[in-house]
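This report describes one protein chain, from its overall fold down to single residues. The sequence and the structure are shown first.

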Amino acid sequence: QVQLVESGGGLVQTGGSLRLSCATSGRTFSANAMGWFRQAPGKERQFVGVIARSGSVRWTNYADFAKGRLTISTDNAKNTVYLQMNSLKPEDTAVYFCAASFGSNWPPTRTSEYEYWGQGTQVTVSI
């Protein structure tokens, strides 16, 4: 079983920063990739970025809107995945989810490629 718990969301002004955390437990050590998605009201869940690892090597892939502003990292000792968000904009307002993928496709950008999801954390960016 895999459990994912996001935290770190909140209200921030335009241009501000937030760091989201995704605490993992269970068999996430065998997951091939950990991804972040977001979902705004009335919209479909959207790929943000993903990280995979092999030994000490890390690979990342980001949606175009995330490049240069959002960064995914991991702390293996804490079994935690992070999403650092800088230069936030009102259009970044959404519920942010982390997810675990056990498939072999890279990069996994579709929700169907992820088997486990957290409950989400709300990020609101005010004007």
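## A partly exposed asparagine

N79 has a relative accessible area of 44%, so the residue is classed as partly exposed, the class between under 20% for buried and over 50% for exposed. The model is a predicted one. The place of N79 is the loop that runs between strand 7 (70-75) and strand 8 (80-85). N79 is not a glycine, yet its phi is positive, near 50 degrees.

## A serine in the following loop

S87 lies in the loop between strand 8 and strand 9. Phi of S87 is likewise positive in a residue other than glycine, with a value near 50 degrees. With a relative accessible area of 40%, S87 is partly exposed.

## The cis peptide bond

Which residues does a cis peptide bond join? The bond lies between W106 and P107, and its omega is about -5 degrees. P107 belongs to the loop between strand 9 (94-101) and strand 10 (116-117).

## Surroundings of T121

T121 is located in strand 11, which covers residues 121-126. Is T121 buried or exposed? Its relative accessible area is 10%, and because buried means under 20%, T121 counts as buried.

The side chain of T121 comes to 3.1 Å from the backbone nitrogen of G9. Leaving aside neighbours within four places in sequence, the contacts of T121 are E6, S7, G8, G9, L20, A94, V95 and Y96. G9 thus appears both in this contact list and as the partner of the T121 side chain.

## Fold and dimensions

The protein chain has 11 strands and 0 helices. Read along the sequence, the pattern is β-β-β-β-β-β-β-β-β-β-β. Of the contacts with a separation of 6 or more, 57% are between residues 24 or more positions apart.

The radius of gyration of the protein chain is 14 Å, which agrees with the value near 14 Å for a compact globule of 127 residues. Along the principal axes, the C-alpha atoms fill a box of roughly 40 × 30 × 25 Å.

## Burial, surface and charge

Of the 127 residues in the protein chain, 42% are buried. The exposed area of the protein chain is about 6,600 Å², and carbon and sulfur atoms supply 48% of this area.

The protein chain carries 12 positive and 8 negative charges. The mean position of the positive charges and that of the negative charges are 4 Å apart.

How values were computed:
Residues are numbered from 1 along each chain as its sequence is written. This is a predicted model: local features need pLDDT of at least 70, side-chain atom pairs count only at pLDDT 80 or more; totals for chains, interfaces and linings use all residues. Side-chain values use heavy atoms; hydrogens and water are left out. Helices (H or I, at least four residues) and strands (E, at least two) are DSSP runs, numbered from the N terminus. The radius of gyration is taken over C-alpha atoms; the globule rule is 2.2 Å times the number of residues to the power 0.38. Buried means under 20% relative accessible area, exposed over 50%, partly exposed in between (1.4 Å probe, protein chains only). Contact means heavy atoms within 4.5 Å. Accessible areas come from the Shrake-Rupley method with a 1.4 Å probe; for residues, only the protein chains shown count as cover. Lys and Arg count as positive and Asp and Glu as negative; His and the chain ends are not counted. The place of a charge is taken as NZ of Lys, CZ of Arg, CG of Asp or CD of Glu. A polar contact is a pair of N or O atoms within 3.5 Å; within protein, one must be able to donate a hydrogen and the other to accept it, and residues adjacent in sequence count only if both atoms are side-chain atoms.
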